[in-house]
Amino acid sequence: MMAKFFGQAPVADTAVIRDPRTLRVAIQDNSPSGEGGQAIARALESQGFRGVFRSKKSKEVVKTTRVIAQNADQDGAEQIQALLGVGEVQVDSTGNIESDITIQVGADWQKVLSTMPSLALPAAGVKPSKR
């Protein structure tokens with residue numbers, strides 16, 4: 001319609017792919033086992049995210065992982081959610097205020113292991129291989 005009446009090309013999708021090295025990502029491990037945060041951090045770091053840090057978890061146990069876009073960075077949150085394959089994106093200020101994105105790890109975090117099995121923690125007493 002814009003092209004027809006105003007001679008302008010249609011607006012393309014405006015989603016912006018953020019450089020993972022520039023995002024500050026806080027991880028609050030609210031999973032029942034307490035192991036989800038470490039796996040999520042490794043998943044992000046393996047994909048080039050450099051600003052990943054642990055943050056104090058909330059007292060509530062979360063069923064579904066929340067990828068919270070601080071400062072309305074919905075594009076960055078959607079990028080992370082798509083990479084992990086779990087959770088839901090929220091635009092809110094309930095996460096760590098020092099981050100661009102806060103991930104509140106929920107009980108669904110183990111689904112990440114189905115897409116990235118190399119992130120599984122070694123069983124107790126088993127030493128990781130040195131390949």
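Helices (H or I, at least four residues) and strands (E, at least two) are taken here as DSSP runs and numbered from the N terminus. On that basis the elements of the protein chain follow the order α-β-α-β-β-α-β-β-α from the N terminus on, with four helices and five strands in total.

**Model and confidence**

The structure is a predicted model. The mean pLDDT of the protein chain is 78, and 73% of the residues reach at least 70. Residues 9–13 have a pLDDT below 50, and in the model this stretch makes zero contacts beyond near neighbours in sequence. The pLDDT is also below 50 over residues 123–131, where one contact is found beyond near neighbours in sequence. Where pLDDT is low, the predicted coordinates should not be read in detail.

The protein chain has 131 residues, of which 39% count as buried. Among contacts in the protein chain with a separation of 6 or more, 75% are between residues 24 or more positions apart.

**The sheet**

The five strands form an open sheet in the order β2-β1-β5-β3-β4, and the pairing is mixed. At the edges are β2 (51–54) and β4 (88–91); each has a single partner strand, so one side of each lacks a neighbour in the sheet. On average, neighbouring strands of the sheet are turned by 25 degrees against each other, direction ignored.

One of the pairings joins β3 (residues 66–69) to β5 (residues 101–105), in the antiparallel sense and over four bridges. Within this part of the sheet, I68 has T102 of β5 as its bridge partner.

**Helix α2 and the nonpolar core**

Helix α2 (residues 36–46) lies across β1 (24–29), β2 and β5, and its direction makes an angle of about 160 degrees with that of β1. The buried residues of α2 are G36, G37, A39, I40, A41, A43 and L44. Just after α2, G48 has a positive phi of about 100 degrees.

The largest nonpolar core contains 21 residues, and the members that touch the most others are V25, I40, L44, I80, L84 and I103. Two or more residues of this core come from each of β1, α2, β3, α3 (74–84) and β5. Helix α2 supplies the largest share, five residues. Two of the residues with the most core neighbours, I40 and L44, are also among the buried residues of α2.

**Salt bridges**

Three salt bridges are present in the structure. The table gives the N to O distance and the relative accessibility of both partners.

| Pair | N to O distance | Acidic partner | Basic partner |
|---|---|---|---|
| D19 and R21 | 2.7 Å | D19: 31%, partly exposed | R21: 59%, exposed |
| D100 and R24 | 2.9 Å | D100: 12%, buried | R24: 39%, partly exposed |
| D29 and R54 | 4.0 Å | D29: 5%, buried | R54: 51%, exposed |

What does the bridge between D100 and R24 tie together in the chain? D100 belongs to the loop between β4 and β5 and R24 to strand β1, so the pair connects parts that are 76 residues apart in sequence. At 12% relative accessibility D100 is buried, since buried means under 20% relative accessible area. Its partner R24, at 39%, is partly exposed.

The pair of R54 and D29 likewise links distant parts of the chain, with R54 in strand β2 and D29 in strand β1, 25 residues apart. Here D29 is buried, with a relative accessible area of 5%, whereas R54 counts as exposed at 51%.

In the pair of D19 and R21, the side chains meet at 2.7 Å, N to O. D19 is partly exposed at 31%, while R21 is exposed at 59%.

**Surroundings of D73**

D73 is located in the loop between β3 and α3. Is D73 buried or exposed? With a relative accessible area of 12%, D73 is buried. Leaving aside residues up to four places away in sequence, D73 touches R18, L23, D100 and I101. One of these contacts, D100, is the residue that forms the salt bridge with R24.

Conventions
Residues numbered from 1 in each chain as written. Predicted model: local features only at pLDDT ≥ 70, side-chain atom pairs only at ≥ 80, totals over all residues. Heavy atoms only, no water. Pairing = 2+ DSSP bridges. Axes fitted to C-alpha atoms, helices over the stretch in contact; angles between N-to-C directions. Contact = heavy atoms within 4.5 Å. Core = buried A, V, L, I, M, F, W, Y, C linked by side-chain atoms within 4.5 Å. Buried < 20%, exposed > 50% of the residue type's maximum accessible area, 1.4 Å probe, protein only. pLDDT = per-residue confidence, 0-100.
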